[in-house]
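Biologist: I am new to this structure and would like to understand the reasoning behind the terms used for it. May I ask about them one at a time?

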Amino acid sequence: MARQIINNGTIAGDGTGEVLFSAFNKTNDNFSELYSRIKEAKVVVTAAQLKDLVANPKVLIPAAGANKVIKLITMTGFLDYGTVAFNFAHDLNFKYETSGIVVYDGEKADFNQATDYYFEIDKTGASGGPLSVNEGVVLTTLADATTGDGTITIIALYSEQDFS
């Protein structure tokens, strides 16, 4: 749908502008289109999965399909500490599933602490780079943690760019 412009008239109250019913229908249509373009993925990563990320990266955003690219907007996460801290020796990586292109490289120290922890990965401020067609985004690392019993919940906001 193309953006719908509301006719405000020439001068306030001159009767040449659009009636409120029609104007607010256009407003609702414009907002509906914008909101439909942003998608949300919420994924809980268990302690067992966090200790096996090298062999089994956790899918955060599924592949979009042929000629489509995932455009990451932001990711917010919550580490629910549990009772034993994680001991990641390497950063957590957010990568494209097949090509391995890094979307964002996290900070390991944040996940090793013995407390609940919220974090944000704002892709708009992160470094750019090549995008991969028809690939999902996964969470992985270079070396698995051997301790830790908490979970991480990640909420990703993204859009699918269709180049068909």
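Modeller: In this predicted model, Lys39 forms a salt bridge with Glu160.

Biologist: Why is the contact of Lys39 with Glu160 called a salt bridge?

Modeller: The term requires a side-chain nitrogen of Lys or Arg within 4 Å of a carboxyl oxygen of Asp or Glu. The closest N and O atoms of Lys39 and Glu160 are 3.5 Å apart, so the pair meets the cut-off.

Biologist: What makes this pair a tie between parts of the chain?

Modeller: Lys39 lies in strand 1 (residues 39–45) and Glu160 in strand 8 (residues 151–162), so the salt bridge ties together parts that are 121 residues apart in sequence.

Biologist: Why are Lys39 and Glu160 called partly exposed?

Modeller: Buried means under 20% relative accessible area, and exposed means over 50%. Lys39 has 32% and Glu160 has 27%; each value falls in between, and therefore both residues count as partly exposed.

Biologist: How many salt bridges does the structure hold?

Modeller: The structure holds three. In another of them, Glu33 meets Arg37 with the closest N and O atoms 2.6 Å apart. Both residues lie in helix 1, four residues apart, which is about one turn of the helix. The side chains of Lys26 and Glu18 also form a salt bridge, at 3.1 Å from N to O.

Biologist: How do you know whether Glu33 is buried or exposed?

Modeller: Its relative accessible area is 16%. The limit for buried is under 20%, so Glu33 is buried.

Biologist: What makes Leu34 exposed?

Modeller: Leu34, found in helix 1 (residues 20–37), has a relative accessible area of 52%. Exposed means over 50%, so Leu34 qualifies. Together with Phe31 and Tyr35, Leu34 makes a nonpolar surface patch of about 380 Å².

Biologist: Let us turn to the aromatic residues. Why is the pair of Phe78 and Tyr118 called tilted?

Modeller: The ring centres of Phe78 and Tyr118 are 4.5 Å apart, with 35° between the planes. Centres within 6.5 Å make a pair; planes under 30 degrees apart count as stacked, over 60 as edge-to-face, and the rest as tilted. The angle of 35° belongs to the rest, so the pair is tilted. The pair links distant parts of the chain, with Phe78 in strand 3 (residues 68–80) and Tyr118 in strand 6 (residues 117–122), 40 residues apart.

Biologist: What makes the pair of Tyr117 and Phe119 stacked?

Modeller: The centres of Tyr117 and Phe119 are 6.2 Å apart, and the planes differ by 15°. That angle is under 30 degrees, so the pair counts as stacked.

Biologist: Finally, how do you know that strand 4 is largely enclosed by the rest of the structure?

Modeller: Five of the five residues of strand 4 (residues 92–96) are buried, so the strand is largely enclosed.

Biologist: With which strands does strand 4 pair?

Modeller: Strand 4 pairs with strand 7 in the antiparallel sense over five bridges, and with strand 5, also antiparallel, over three bridges. Two strands pair if there are at least two bridges between them, so both cases satisfy the rule. Tyr96 stands opposite Val137 in strand 7, and Phe94 stands opposite Tyr104 in strand 5.

Biologist: What makes strand 2 and strand 5 the edge strands of the open sheet with the order 2-7-4-5?

Modeller: Strand 2 (58–61) and strand 5 (102–105) each pair on one side only.

Methods. Residues are numbered from 1 along each chain as its sequence is written. This is a predicted model: local features need pLDDT of at least 70, side-chain atom pairs count only at pLDDT 80 or more; totals for chains, interfaces and linings use all residues. Side-chain values use heavy atoms; hydrogens and water are left out. Helices (H or I, at least four residues) and strands (E, at least two) are DSSP runs, numbered from the N terminus. Rings of Phe, Tyr and Trp (its six-membered ring) pair if their centres lie within 6.5 Å; planes under 30 degrees apart count as stacked, over 60 as edge-to-face and the rest as tilted. Buried means under 20% relative accessible area, exposed over 50%, partly exposed in between (1.4 Å probe, protein chains only). Patches are made of residues with over 30% relative accessible area and no salt bridge: like charges are joined within 9 Å, nonpolar side chains (Val, Leu, Ile, Met, Phe, Trp, Tyr) within 5 Å. Accessible areas come from the Shrake-Rupley method with a 1.4 Å probe; for residues, only the protein chains shown count as cover.
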